[in-house]
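Reader: I am new to this structure and would like a close look at a single part of it. Please take one place where two helices meet, and then set it in the rest of the chain.

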Amino acid sequence: MTSSPTPGLTRFNALDDSEATAELHEVCASAAWGSKMLAQRPFATADSLYAANEAAMAELTADDLGEAMGGHAPIGRPKPGDPTSAREQRGMAGASEELRNELLELNLAYQEKFGHVFLICATGATGEFMRDAVKVRIENTPEQEREIARGELVKINRIRLTRLVELAEGE
């Protein structure tokens, strides 16, 4: 399916720069990432879009990564009214109050140590998996954690880009 443009990719390629920038911002809050992606249009295939995502993420500075991470809600607290945030954190929907509280405490400790939200590709992950991940990752150095977060952003962006290119006009 990625060997030729999907209707959603064709639609995305045809957007004017301001509309494409707005859609890219919904994928990733980093302006530098969005600019790098915009400069690569038009994309011949979804695979070329995904490769551009990986290349753009690899080039982001620490400040750019901070901006990208700033666009994400803490695990267990999706942004109210944001269907993307709610969809991605669906694994927390049935979490117990105890697990939610534990994740809140871990998130706060993580944020205090690293200065940004704990970032993990939450799609399909359970609350327990995310809790265990933050417990392990809080022991990392800031440099290690920045690179892990970069990798998680690549995965999150790919999921969001896949959704973007699979949407046809008007969806």
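**The crossing of H2 and H3**

Author: Helices H2 and H3 cross in a right-handed manner. The model in which they are seen is a predicted one. Helix H2 covers residues 17-27, and its axis comes within 9 Å of the axis of H3, the two crossing at roughly 130 degrees. H2 is therefore oblique to H3, since an angle that is neither under 35 degrees, nor over 145, nor from 65 to 115 counts as oblique.

On the side of H2, the contact is made by Asp17, Ala20, Thr21, Leu24 and Val27. On the side of H3, the residues that make it are Trp33, Gly34, Met37 and Leu38. Sorted by kind, the residues of this contact are six nonpolar, two polar and one charged. Asp17 is the charged one, because Asp counts as charged. The two polar ones are Thr21 and Gly34, because glycine is placed among the polar residues here.

Next comes the sequence around these helices. Cysteine 28 has 2% relative accessibility, so cysteine 28 counts as buried. Another cysteine, at position 121, has 13% and therefore also counts as buried. The structure holds zero disulfides.

Helix H3 spans 31-40, and the loop between H3 and helix H4 (46-59) holds proline 42. The peptide bond that leads from arginine 41 to proline 42 is cis, with omega near -5 degrees. Most peptide bonds are trans, so a cis bond departs from the usual form.

Further along the chain there is another loop to look at. Helix H8 (127-137) and helix H9 (142-166) are joined by a loop in which asparagine 140 has its place. With a relative accessibility of 15%, asparagine 140 counts as buried, because the cut-off for buried is under 20%. Leaving aside residues up to four places away in sequence, asparagine 140 touches Lys113, Phe114, Glu145 and Ile148.

Last, the chain as a whole. Its secondary structure comes to nine helices and zero strands, and from the N terminus on the elements run α-α-α-α-α-α-α-α-α. The chain has 171 residues, of which 45% count as buried. Among the contacts in the chain with a separation of 6 or more, 70% are accounted for by residues 24 or more positions apart.

Technical notes. Residues numbered from 1 in each chain as written. Predicted model: local features only at pLDDT ≥ 70, side-chain atom pairs only at ≥ 80, totals over all residues. Heavy atoms only, no water. Helix = DSSP H or I, 4+ residues; strand = E, 2+ residues; numbered from the N terminus. Buried < 20%, exposed > 50% of the residue type's maximum accessible area, 1.4 Å probe, protein only. Contact = heavy atoms within 4.5 Å. Disulfide = S-S within 2.5 Å. Axes fitted to C-alpha atoms, helices over the stretch in contact; angles between N-to-C directions. Left-handed = near helix turned anticlockwise from the far one by under 90°.
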